[in-house]
Amino acid sequence: MTYPGTTTPPPTTTTTTGPGPVGCAADYSVTSTWQGGFQAAVTVTNRGSAPIAAWTVAWTWPSGQTVTNVWNGTYTQTGTAVTVRNATWNGTVAPGASVTFGLTGNGNAVIPTLTCS
C-alpha cells in the first residue's frame, strides 16, 4: 500500500562484516521515504561456521537523524550513536541464516556505516 506523499527509493544497501571469527554481517536497506522520515530494514547474517548467540548492530547518524521505532530488536540512541540488539526471540542465528529488523526514523534517509558483532 502506498500512502500519499510516500515514495520508494531505488534499492540502496550497505554491507558491513564484523570483526573476528563470528562472521556477523549486516545489510542496511532504505525501503520507503516520505517528507521528514524514512523506513529501513537491516538483515543480520551469520557468515561464520558457529551459531551466533546474540547480535548487536551499531552506527552513527549524521546530525539530526533519529530512530522513532524499531521492530524485531531493541534500540538505544545517544546523540547520533545508535545501537540495536536482538529481541529475545531472534538472538540465535545459525550458520548461513539471517534475521531482519526494521526501523522508522526522522530526517533524511541515509545509508550509515554499520558494525555488526
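Strands here are DSSP runs of E with at least two residues, numbered from the N terminus.

**View 1. Overall fold of the predicted model.** The protein chain has 10 strands and 0 helices. Its pattern along the sequence is β-β-β-β-β-β-β-β-β-β. Of the 117 residues, 40% are buried. The exposed area of the chain is about 6100 Å², and 55% of it comes from carbon and sulfur atoms. Among contacts with a separation of 6 or more, 65% join residues 24 or more positions apart.

**View 2. The open sheet of 4 strands.** The strand order is 7-8-5-10, with antiparallel pairing. Strand 7 (73–78) and strand 10 (115–116) lie at the edges, each paired on one side only. Strands of a sheet pair through backbone hydrogen bonds.

**View 3. Pairing of strand 5 with strand 8.** Strand 5 (residues 56–60) and strand 8 (residues 81–86) run antiparallel and are joined by 5 bridges. Alanine 58 has threonine 83 in strand 8 as its bridge partner.

**View 4. The largest nonpolar core.** This core contains 23 residues. Tyr28, Trp55, Val57, Trp59, Phe101 and Leu103 have the most contacts inside it. At least two core residues come from each of strand 3 (24–34), strand 4 (37–46), strand 5, strand 6 (66–71), strand 8 and strand 9 (98–106). In soluble globular proteins, nonpolar side chains tend to be buried together.

**View 5. Surroundings of tryptophan 55.** Leaving aside residues up to four places away in sequence, tryptophan 55 touches Val44, Asn72, Val84, Arg85, Asn86, Asn90, Gly91, Val93, Val99, Phe101 and Ser117. Tryptophan 55 is also among the residues with the most contacts inside the largest nonpolar core.

Technical notes:
Residues are numbered from 1 along each chain as its sequence is written. This is a predicted model: local features need pLDDT of at least 70, side-chain atom pairs count only at pLDDT 80 or more; totals for chains, interfaces and linings use all residues. Side-chain values use heavy atoms; hydrogens and water are left out. Two strands pair if DSSP finds at least two bridges between them. A nonpolar core is a set of buried Ala, Val, Leu, Ile, Met, Phe, Trp, Tyr and Cys residues joined through side-chain atoms within 4.5 Å. Buried means under 20% relative accessible area, exposed over 50%, partly exposed in between (1.4 Å probe, protein chains only). Contact means heavy atoms within 4.5 Å. Accessible areas come from the Shrake-Rupley method with a 1.4 Å probe; for residues, only the protein chains shown count as cover.
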